[in-house]
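Trainee: Could you pick one part of this model and take me through it closely? I would like to follow how its pieces fit together.

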Amino acid sequence: MIEEQPITERTLVLEPGTLWPKLKAQTQHALECKALHSIATEYEFVEQEGIRFLVRILSNLVWKDKAKKKQDEKTATSSKDFNPFLPYEQDLFVADLSDTHLCLLNKYNVVDHHLLIITRAFEEQDTWLTLQDFAAMWACLGEIDGLAFYNAGKIGGASQRHKHLQLVPLPLAPEGVNIPIENAIASANFQDSVGTIPTLPFIHAIAELDPSWVNSPWDAAQATLDLYHRLLSAVGLPWNNANGNKQSGAYNLLATRQWMLLLPRSQPDFQSIGVNSLGFAGALLVRNQEQMKRLKDQGPMTILRNVAVTW
């Protein structure tokens with residue numbers, strides 16, 4: 001059985017007030033040296049079941065497709081998976097967060113200032129989140145008012161095996177609410193510390209977080225870890241750290257300073273439209289006009305229902 005290591009103030013090395021300036025400066029540097037490849041998109045709003053979904057359509061995937069092909073070739077020739085985080089590109093490095101985590105720019109970003117919160121040592125993306133993971137998450141949320149998320153395993157939308165959370169600043173779109181599902185979240189019904197959202201037609205659980213926790217990331221990590229375990233149990237993924245800390249099923253986790261949402265996954269895509277955690281925040285991504293038409297014909301909530309697990 002894997003034991004959690006106690007976390008103390010000393011394990012967090014990020015100096016308060018420095019992450020956002022470092023993020024902006026490193027973004028400029030990475031763009032200038034062409035280490036960062038921002039992918040341009042256009043967007044539309046598609047409404048279904050009272051939620052105004054933000055749907056982005058990619059205009060150029062050449063860089064990302066070439067990188068995926070190169071990664072696959074490296075894996076084939078080396079007989080082991082290529083890991084872009086070990087070693088990571090120095091030009092994408094933003095900051096050290098703790099003795100276990102650091103953050104990088106997302107090399108192929110669709111959203112500006114998209115951060116990856118990665119473990120220094122290799123851990124699998126299909127293992128349970130830990131106290132250290134949540135401490136790193138809160139260190140970032142304390143500096144940036146954003147949406148943190150975790151694609152737990154390939155079925156949850158993860159594209160890399162090396163454990164990483166992600167964070168994108170809010171708002172997700174230049175107009176409307178900060179997060180498309182905000183109004184739905186406001187309707188959540190709670191029993192004790194765990195609730196459900198009446199308008200979501202798939203298994204999920206939500207917990208309220210305290211925004212003041214940004215002032216004490218290590219305390220916030222412990223409180224969030226406890227709630228995380230309750231959410232897992234509520235959706236039928238009871239947590240235990242036997243079996244090498246490997247998770248019992250794929251899921252998505254989303255968190256802001258105010259709430260944390262967790263839902264199990266049944267498949268990574270529906271009719272070739274891939275879905276990760278951001279899809280359940282109401283922000284979907286399609287590769288071309290053909291996929292956009294398919295999404296509009298099916299409806300975004302229908303797509304989410306098919307990749308989640310229904311009641």
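**A loop residue and the sheet around it**

Mentor: Let's start with His 113, which counts as partly exposed because its relative accessibility is 22%; buried means under 20% relative accessible area, exposed over 50% and partly exposed in between, with a 1.4 Å probe and protein chains only. Before we go on, please note that this is a predicted model, in which local features need pLDDT of at least 70 and side-chain atom pairs count only at pLDDT 80 or more, while totals for chains, interfaces and linings use all residues. Residues are numbered from 1 along each chain as its sequence is written, and side-chain values use heavy atoms, with hydrogens and water left out.

His 113 sits in the loop between β4 and β5. (Helices, H or I with at least four residues, and strands, E with at least two, are DSSP runs numbered from the N terminus.) Although His 113 is not a glycine, its phi is positive, at about 60 degrees. A positive phi of about 60 degrees is also found at Asp 192, again not a glycine, in the loop between β8 and β9. Asp 192 counts as exposed because its relative accessible area is 77%.

Now step from the loop into the strands. Leu 104, in strand β4, counts as buried because its relative accessible area is 2%. The C-alpha atoms of Leu 104 and Leu 115 are 5.8 Å apart, although 11 residues separate the two along the chain. If neighbours within four places in sequence are left aside, the contacts of Leu 104 (heavy atoms within 4.5 Å) include Phe 85, Tyr 88, His 114, Leu 115 and Ile 118.

Next comes the pairing of β5, residues 115–119, with β7, residues 164–169: 4 bridges join them, and they run antiparallel. Two strands pair if DSSP finds at least two bridges between them. Leu 115 faces Leu 167 of β7, and Ile 117 faces Leu 165. Another 4 bridges link β7 to strand β6, residues 146–152, also antiparallel, with Gly 146 opposite Pro 169.

How many residues of β7 are buried? 6 of its 6 are, so to speak of β7 as mostly covered is fair. On one side His 164, Gln 166 and Val 168 are buried, and on the other Leu 165, Leu 167 and Pro 169. In the loop between β7 and α4 lies Pro 171, joined to Leu 170 by a cis peptide bond with omega of about 0 degrees.

Step back, and these strands belong to an open sheet of 10 strands, ordered β3-β4-β5-β7-β6-β11-β12-β10-β9-β8, with antiparallel pairing. Its edge strands, each pairing on one side only, are β3 (93–96) and β8 (189–191). From one strand to the next the twist averages 25 degrees; axes are lines fitted to C-alpha atoms, for helices over the stretch in contact, and angles run from 0 to 180 degrees between N-to-C directions.

Finally, helix α1, residues 19–32, lies across β3, β4, β5 and β7, and runs at about 155 degrees to β3. In the loop between α1 and β1 you will find His 37, which counts as buried because its relative accessible area is 13%.
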